[in-house]
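Biologist: Please put the model up, and then I will ask about it piece by piece.

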Amino acid sequence: MKTLTRIAAVTASVAAFASAAWAQDPIKIALVHGLSGSSFEAFSKQAQTGFELGIEYATDGTNTVKGHKIELIIKDTQFKPDVARAVLAEAYGDDEVLMAIGSTSSGVAKGMLPIAEEYEKILIVEPAVADSLTGPDSNRYVFKTSRNSSMDMQAQALALKPDENLFVATIAEDYAFGHDGIDAFKAALDGTGATVVTEEFVPQGTADFTAAAERMFNALKDKEGRKVILVYIAGGGDAPGKIQALDPSRFGIEISMGGHILPVLPTYKRFPGMEGAVYYYYEAYDNPVNDWLVKTHQERFDGPPDFFTAGGMAAALAAVKAIETADSLETEDLIAAMEGMSWETPKGTMTFRPEDHQALQSMVHFKIRVDENVDWAIPDLVRIIEADEMDIPIGRTND
């Protein structure tokens, strides 16, 4: 009997030790972003800052969830799909991360999707935008906290107030982000009476927009009604400014575009009164999460948070809630917790749609105001476009 008691005691002691050790193991999360080799580096750095702040907010500064410290592992994709696939595989396989977050470019992120499926581990897409990232080529291990092109363009269409008197020419970059965006914009205009008269796609990195602009001017100039050039370009090159410099107003043509990061907003001073839609502006949202983000970012970085900062924070808040609410840290339990999950972000409530894991979320309808005392053009809030106002196509059905 004494022997049995000793065995039971030893077994209990070993179990307690193992449990304590397990509880002390860190939860590793990989941030897989482009940190070199592109003008999009700034987007990645904002997303990383936002993710770190999100972990802090969600854990009340302890950096601990269910007794586990959160350990962030940073991987640089160099904005190359082959590098992205390799470093994501390294994160899942060698570093044994629980989940990964990324990437910045839609084209790069698309190449990462099959790696998540191969390793059967969660990939949260942030901040890449393309609809195709939750489309037929995606898989059940992929969740997307970033907005998608349909949200950008449906919100932009709502801001333009389309009717039969609206004629639009579009210009976008010739890759997934641009094509998905313009497809979504045309879908949003369907049934409104508005007409897209021509579409221009330019290579990434284009600096001279003269030829494309002249073709758009020619397609629009003889139309009777409101004539708009929609610019959907994420990178540099200053397409709106260079097109504006060619004086589209001589044909009664105006320029419209979505919002941008704060360092680009000074260029919007050339477009006072322009209305459009944007993912986030720090003054547009009134909720406790955004209040904390704005206050904390201002104190630590001597400036307000930008919209990729808010996106990174939303991804972190989703990751923590999934870990907190899942029955275990097994992938299947995480998926079960995340499908249909709602959580609070700087933009208010987001919800992972069960069918394709896209996070449904609001957008901001803005109108540009110029204040000589502010360095950038101010996208004043016209209204919040709520998630249920947009009919976002389901990309795929997850099994």
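**Questions on the model**

Biologist: Is Asp95 buried or exposed?

Modeller: Asp95 has a relative accessible area of 18%. Buried means under 20%, exposed over 50%, and partly exposed in between, with a 1.4 Å probe and protein chains only. Asp95 is therefore buried.

Biologist: What pLDDT do local features need in this predicted model?

Modeller: Residues are numbered from 1 along each chain as its sequence is written, and side-chain values use heavy atoms, without hydrogens or water. This is a predicted model: side-chain atom pairs count only at pLDDT 80 or more, totals for chains, interfaces and linings use all residues, and local features need pLDDT of at least 70.

Biologist: Which side chain does a polar contact of 2.8 Å join to that of Asp95?

Modeller: Asp95 sits in the loop between α3 (81-93) and β4 (99-101). Contacts (heavy atoms within 4.5 Å), not counting residues up to four places away in sequence, take Asp95 to Lys28, Ile73, Lys75 and Glu90. A polar contact is a pair of N or O atoms within 3.5 Å; within protein one must be able to donate a hydrogen and the other to accept it, and residues adjacent in sequence count only through two side-chain atoms. At 2.8 Å, the side-chain partner of Asp95 is Lys75.

Biologist: Is Glu96 buried or exposed?

Modeller: Glu96 lies in the loop between α3 and β4. Its phi is positive, near 55°, and it is not a glycine. With 58% relative accessibility, Glu96 is therefore exposed.

Biologist: What do the buried residues of α3 pack against?

Modeller: Helices (H or I, at least four residues) and strands (E, at least two) are DSSP runs, numbered from the N terminus. The 13 residues of α3 reach 18 Å from first C-alpha to last, close to the expected 18 Å (1.5 Å times one less than the number of residues). Its buried residues are Val83, Ala84, Val87, Leu88, Ala89, Ala91 and Tyr92. They pack against β1 (27-33), β3 (68-76), β4, α4 (106-119) and β5 (122-125).

Biologist: How many of the 12 residues of α5 are buried?

Modeller: α5 spans 16 Å from its first C-alpha to its last, close to the expected 16 Å. Among its buried residues are Ser149, Met151, Gln154 and Leu160. The helix is largely enclosed by the rest of the structure, because the buried number is 11.

Biologist: Which residue follows α5 with a positive phi?

Modeller: At the start of α5, a side-chain oxygen of Asn148 comes to within 3.2 Å of the backbone nitrogen of Ser150. After α5 comes a residue with phi near 50°, Lys161.

Biologist: Which side chain does a polar contact of 2.4 Å join to that of Ser150?

Modeller: Ser150 belongs to helix α5. It is buried, with a relative accessible area of 3%. Beyond four places in sequence, its contacts include Ala184, Ile392 and Pro393. The 2.4 Å side-chain contact of Ser150 is with Asp131.

Biologist: Where is the peptide bond with omega near 10°?

Modeller: That bond is cis, and its second residue sits in the loop between β5 and β6 (142-144). It runs from Glu126 to Pro127.

Biologist: Which element gives the largest share of the lining of the largest pocket?

Modeller: On a 1 Å grid over the protein atoms alone, a pocket is an open set of points with protein on both sides within 12 Å along at least five of seven lines, a cavity is a set where a 1.4 Å probe fits but cannot get out, and lining residues have an atom within 4 Å of a point. The largest pocket holds about 600 Å³, the space filled by probe spheres on points joined across faces, edges and corners. Of its 41 lining residues, the closest to the centre are Ile233, Ala234, Gly235, Gly259 and His260. The largest share, 3 residues, comes from α5.

Biologist: How many charged residues are in the lining of the largest cavity?

Modeller: The structure has 1 cavity of 30 Å³ or more, and the largest holds about 40 Å³. Gly259, His260, Leu265, Val278, Tyr280, Tyr281, Phe366 and Pro379 line it. Ala, Val, Leu, Ile, Met, Phe, Trp, Tyr, Cys and Pro count as nonpolar, Asp, Glu, Lys and Arg as charged, and the others, Gly among them, as polar. The lining has 6 nonpolar residues and 2 polar, and the number of charged residues is none.
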